[in-house]
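Visitor: Could you walk me through a few contacts here, please?

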Amino acid sequence: EYIDAVFPKLKELYVYNNNVFSGVPTDVPGRTWTFSELNLVDIGGNTIESWSTIAQSFGHLPNLRSLLVENNKIQSIDIQSMMDKGQFPSLEHLNVGGNCISNWESIQRLSCLRSLTELRFSRNPLCGDDTLRDRIQVIGRIKSLKWVNGSDISHAERRDSELAFLRRLDSFVPTKTNLDSLLETRIRYLENQYHVERNSSGRVGGPTSLG
């Protein structure tokens, strides 16, 4: 029952396709779940609906580098409010493919994960028929990534994608009022990086010149 006590040096945990609808219980009286050496968790193929379930169960793991939660029923991701708790400090690889995520704000929130270098997010409602457009969205939003959906990001592709993200910002971010603070910070960074200014109204817009 207490896997972390029986296997104190456990490094990988696979519970794929086990009809799990909640994560590891963290409030068992007299027990503190540590899994201090766990670096990979695969809890895909279940019926988990809430990202907070994942965060409460595994966000505290100090050495967790790979988190696979594909093929669940997660509808959105909320990380920003959890960062003050120091959650997912070492997470590098995240697979959220095949869930029910329908908004790009959820992907933007992943920029809080400073160690994140690889993301798989295909087969979510937010994904369209234009895979290149989706790839530009992700690269433009998250600075730390080196791989997206199994393909590496070259230096040239990052530059081109970030410029394209700015150029097509009006279509990527239709509503410019009350921008998510993470997105606002990211846009400002890219504008400074490529010497792009906002338009005369002061609203976030595409670059006036990308020459």
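Visitor: Which residues does Glu-162 touch, not counting residues up to four places away in sequence?
Guide: Happy to help! This is a predicted model, where local features need pLDDT of at least 70, side-chain atom pairs count only at pLDDT 80 or more, and totals for chains, interfaces and linings use all residues. Residues are numbered from 1 along each chain as its sequence is written, and side-chain values use heavy atoms, leaving out hydrogens and water. With contact meaning heavy atoms within 4.5 Å, Glu-162 touches Ile-139, Gly-140, Arg-186, Leu-190 and Tyr-194.

Visitor: Is Glu-162 buried or exposed?
Guide: Glu-162 lies in helix H5; helices are DSSP runs of H or I with at least four residues, strands are E runs of at least two, and both are numbered from the N terminus. Buried means under 20% relative accessible area, exposed over 50%, and partly exposed in between (1.4 Å probe, protein chains only). At a relative accessible area of 5%, Glu-162 is therefore buried.

Visitor: Which residues of helix H2 are buried?
Guide: Helix H2 covers residues 51–58, and six of its eight residues are buried, so the rest of the structure largely encloses it. Those buried residues pack against strand S2 (40–42), strand S3 (66–68) and strand S4 (93–95). They are Trp-51, Thr-53, Ile-54, Ala-55, Ser-57 and Phe-58.

Visitor: Which residues of H5 does H4 meet?
Guide: From the H4 side, Arg-135, Ile-136, Gln-137, Ile-139, Gly-140 and Arg-141 take part. Their partners in H5 are Glu-157, Arg-158, Ser-161, Glu-162, Ala-164 and Phe-165.
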